[in-house]
Amino acid sequence: MPRPPSAMRRQILDSALRLFAEHGFKGTSLHDIAVEAHCSKASLLYHFAGKDAILTELLTPPAEGLSSMGEELATLTGGQAVESAITGYVGLAMRFHLEIKIIFAELPDMLGHPVLAVIPRAVDQLAAALAGRSDEPRARVTAQMVIGGVAVTVAAGVDVEPGTMRAELVQGALRTLGHPTGRS
């Protein structure tokens, strides 16, 4: 059962997120996390049952965010669905870029993680919105390209100011999907 939030708990999570993104989940030990968080391993284990519990807590917000966004998009159609899907997805991807990097680093293992069980349905909902609810192959393929392209770009840690990154991801996604971008 999760413990109440505390400064040490947040420090452990922040340290684990950085280490998992840099060295992978498998390449990071509880000892590494404790050292990075400036706490004892016993203190770390007071706050979390183990490394998997830390990973679960780190991956829950992006999984829930994507799932929630998918539900919100389900009621939208056409251009409204596309634009809302792009801006929402880019925002989530940028917010959770390190978590995406962790998932990509060990993709087969990560996709089996229970907290990520909501991802396939949420990605299907996102793809449908990005395709403007169209069943045309072009629309469905470009929707998947946008999903993958945004995720890979944010996980790569491209050295671009966040506001510029967000704007370029949104504009690039709109162009890929064949929607007007407001730019010449």
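The protein chain comes out with 10 helices and zero strands, so to speak an α-α-α-α-α-α-α-α-α-α pattern when read along the sequence. This is a predicted model, and its C-alpha atoms fill a box of roughly 55 × 30 × 30 Å, taken along the principal axes.

As for confidence, the mean pLDDT of the protein chain is 91, with 96% of the residues at 70 or more. Among the elements, helix H2 (residues 30-37) has the highest mean pLDDT, at 97, while H7 sits at the other end with the lowest, 81. Where pLDDT is low, the predicted coordinates should not be read in detail.

On to the helix packing, taking H4 and H5 as the pair. Helix H4 spans residues 51-73 and helix H5 spans residues 78-95. Their axes come within 11 Å and cross at roughly 170 degrees. With angles over 145 degrees counted as roughly antiparallel, that makes H4 roughly antiparallel to H5. On the H4 side, the contact is made by Gly65, Leu66, Met69 and Leu73; H5 brings in Ala81, Ser84, Ala85, Gly88, Tyr89 and Leu92. Sorted by type, the residues of this contact are seven nonpolar and three polar, with no charged ones.

Then there is the pocket. The largest one has a volume of about 430 Å³. It is lined by 21 residues, and the closest to its centre are Leu66, Tyr89, Ile100, Ile119 and Val123. Two of these names have come up already: Leu66 belongs to the H4 side of the H4 contact with H5, and Tyr89 to the H5 side. Several helices share the job of lining the largest pocket: H4, H5, H6 (97-105), H7 (107-111), H8 (119-130) and H9 (137-155) each give two or more residues. H7, then, is both a contributor to this lining and the element with the lowest mean pLDDT. In chemical terms, the lining divides into 18 nonpolar residues, two polar and one charged.

Technical notes. Residues are numbered from 1 along each chain as its sequence is written. This is a predicted model: local features need pLDDT of at least 70, side-chain atom pairs count only at pLDDT 80 or more; totals for chains, interfaces and linings use all residues. Side-chain values use heavy atoms; hydrogens and water are left out. On a 1 Å grid over the protein atoms alone, a cavity is a set of points where a 1.4 Å probe fits but cannot get out, and a pocket is an open set with protein on both sides within 12 Å along at least five of seven lines; lining residues have an atom within 4 Å of a point. Grid points are joined across faces, edges and corners, and a volume is the space filled by probe spheres set on the points. Helices (H or I, at least four residues) and strands (E, at least two) are DSSP runs, numbered from the N terminus. Ala, Val, Leu, Ile, Met, Phe, Trp, Tyr, Cys and Pro count as nonpolar, Asp, Glu, Lys and Arg as charged, and the others, Gly among them, as polar. Axes are lines fitted to C-alpha atoms, for helices over the stretch in contact, and angles run from 0 to 180 degrees between N-to-C directions. Angles under 35 degrees count as roughly parallel, over 145 as roughly antiparallel, 65 to 115 as roughly perpendicular and the rest as oblique. Contact means heavy atoms within 4.5 Å. pLDDT is the predictor's confidence in each residue, from 0 to 100.
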